[in-house]
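Open the model in your viewer and keep a selection box handy. We will go from stop to stop, with something to pick at each one.

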Amino acid sequence: MGSIQKPRIYKFDNVRMFAILLVVISSFADGYTDSSDMFRSWFLFASSFVAPLLIFLSGLLQKQYKAGDRFDLHRFSFYLIAGFALKLLVFGMRRASGEQVGLTLFGGATIEWYLFVLAMYMLTALAVGRFNRYAVITAALTLGLLVGLTPLRDELYLSRYFVFMPFYFAGYYLTPMEVRRFSHKNHVKIAGLVFTVIYFVMCFRLRELLYPMRMLFTGRNPYAAVPIEGCTVYHRLLCYGISSVMVIAAVALFPNRRLPLWTKAGQNAIGVYFWHTPLLLALTAAGVFGMIDGLGDPLWKLTVLTLSVVCALVLAIPCFSWPLRKLYALICRMRDRTCAIVDGAVILIAVIAAAVFHVW
């Protein structure tokens with residue numbers, strides 16, 4: 001969905017599909033983290049780096065969509081409109097299934113946070129992108145550490161916005177070719193593989209010790225809410241270290257070549273991300289997980305994992321990303337002034353609705 005065509009680096013499509021697959025599996029597994037040690041371990045492992053990885057890739061690839069130094073207002077509008085659409089879709093489906101859930105138009109913990117935060121990062125990059133890269137990344141890291149000292153959580157997605165900002169700007173100030181060259185080195189691949197294996201084993205063998213860190217990895221909790229005695233900036237620094245090494249490992253371990261089915265699926269990852277939660281809600285409402293729960297152990301666990309992978313691959317079929325691509329194409333046909341008016345109207349309508357219905 002870019003406005004500028006450049007030679008495609010397949011590595012990033014492959015990594016993106018890997019990250020989206022982890023998102024889907026984690027969404028399916030999250031419902032079982034209270035009853036299954038295996039899924040608790042899996043969720044801990046995946047949540048420690050999947051959001052940083054996606055945000056790093058977004059920062060890395062954002063520049064290829066810009067025409068010179070122009071701000072990509074169309075892409076910003078797409079994130080904004082798609083974010084509200086996904087928020088309303090998920091809310092409507094949950095209420096239709098009988099859940100007594102509330103709606104918050106300017107914040108929340110549901111899956112659309114990623115789209116809104118990307119839009120916020122685009123504005124931030126417009127404001128500070130020309131500054132010294134080391135100063136910006138240092139400032140982003142400092143803010144990410146300090147935000148945990150505040151009571152901020154899901155209000156305007158600000159906690160996640162600050163916590164994951166260092167990963168966005170780490171990608172923003174690099175070029176795809178720099179990342180490709182670095183990740184192609186054999187010692188980086190070996191070190192990444194070793195760390196991944198060790199950390200994966202630790203998530204299972206030291207699960208009870210490490211699991212409280214999940215609340216730090218999500219980026220939406222202040223230190224006071226994390227069930228770790230004396231949790232403070234040092235614990236987030238540890239999380240930053242783990243996430244950073246895992247991001248490097250993920251990028252390094254995937255090849256830069258077209259993989260059958262996988263690479264093409266990565267090019268349609270936005271469709272997987274947008275539709276997987278509505279699909280999960282539909283399967284739940286249809287009683288699919290009730291039937292799965294009746295299977296014996298370990299069959300039910302294998303079934304949940306298989307179902308999540310199949311759903312991710314099915315949603316990667318181009319027909320599911322087609323509505324989003326059409327939305328983006330429609331936005332791209334607008335003049336910048338029209339696009340800005342539409343954005344303003346969307347935000348104004350949301351503000352009025354929030355004020356009238358008290359759904360801030």
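Where is the place of arginine 333? Select arginine 333 and you land in the loop between helix 17 (318-332) and helix 18 (336-357); helices here are DSSP runs (H or I, at least four residues; strands are E, at least two), numbered from the N terminus. Before going on, note that this is a predicted model, in which local features need pLDDT of at least 70 and side-chain atom pairs count only at pLDDT 80 or more, while totals for chains, interfaces and linings use all residues. Residues are numbered from 1 along each chain as its sequence is written, and side-chain values use heavy atoms, with hydrogens and water left out.

**Around helix 17**

Arginine 333 counts as exposed, at 63% relative accessibility; exposed means over 50% relative accessible area, buried under 20%, and partly exposed in between (1.4 Å probe, protein chains only). Now add histidine 74 to the selection: its C-alpha lies 8.9 Å from that of arginine 333, although the two are 259 residues apart in sequence.

Next, pick serine 321, which is in helix 17. Is serine 321 buried or exposed? With a relative accessible area of 0%, serine 321 is buried. Show alanine 269 as well: 52 residues separate it from serine 321 along the chain, and their C-alpha atoms are 7.9 Å apart.

**Salt bridges**

Side chains of opposite charge can pair when their charged atoms come close. The whole structure has 10 salt bridges, each being a side-chain nitrogen of Lys or Arg within 4 Å of a carboxyl oxygen of Asp or Glu.

Select aspartate 30 and arginine 214, whose closest N and O atoms are 2.9 Å apart in a salt bridge. This pair links distant parts of the chain, with aspartate 30 in helix 1 (residues 10-30) and arginine 214 in helix 11 (residues 214-217), 184 residues apart. Aspartate 30 is partly exposed at 32% relative accessibility, whereas arginine 214 is buried at 17%.

Move on to aspartate 37 and arginine 207, which form a salt bridge at 3.4 Å, N to O. Here too distant parts of the chain are linked: aspartate 37 belongs to helix 2 (residues 37-47) and arginine 207 to helix 10, 170 residues apart. Aspartate 37 has a relative accessible area of 41% and is partly exposed, while arginine 207, at 16%, is buried. Widen the selection to Asp37, Arg40, Arg207 and Glu208 to see a network of salt bridges.

For another pair, choose glutamate 99 and arginine 94, with closest N and O atoms 3.0 Å apart. Glutamate 99 is partly exposed at 28%, and arginine 94 is partly exposed at 24%.

**Rings**

Stay with arginine 40 and add tyrosine 211: the charged end of arginine 40 sits over the ring, 4.0 Å from its centre. The cut-offs for this are NZ of Lys or CZ of Arg within 6 Å of the ring centre and within 35 degrees of the ring normal.

How many aromatic pairs does the structure hold? There are 33, counting rings of Phe, Tyr and Trp (its six-membered ring) with centres within 6.5 Å; planes under 30 degrees apart are stacked, over 60 edge-to-face, and the rest tilted. Zoom in on phenylalanine 78 and tyrosine 79: their ring centres are 6.0 Å apart and their planes stand at 55 degrees, so this pair is tilted. Both residues are buried.

Then select Phe18, Trp42, Phe45, Phe49, Phe195, Tyr199, Phe200, Phe204, Phe254 and Trp262, which make up one aromatic cluster.

**Cysteines**

A search for disulfides, meaning pairs of cysteine sulfur atoms within 2.5 Å, finds zero in the whole structure. Cysteine 203 is in none, and the nearest cysteine sulfur, that of cysteine 239, is 11 Å away. Cysteine 203 is buried at 0%. For cysteine 239, buried at 4%, the closest cysteine sulfur is in cysteine 231, 7.7 Å away and too far for a bond.

**Last stop: a nonpolar patch**

Finish by showing the surface of Ile190, Val194, Ile198, Met202, Leu206 and Leu209, a nonpolar patch with about 550 Å² of accessible area together. Areas come from the Shrake-Rupley method with a 1.4 Å probe, and for residues only the protein chains shown count as cover. Patch residues have over 30% relative accessible area and no salt bridge; like charges are joined within 9 Å, and nonpolar side chains (Val, Leu, Ile, Met, Phe, Trp, Tyr) within 5 Å. Helix 9 (residues 186-205) gives the most to the patch, with four residues. Leucine 209 is in helix 10 (residues 207-210) and is exposed, at 63%.
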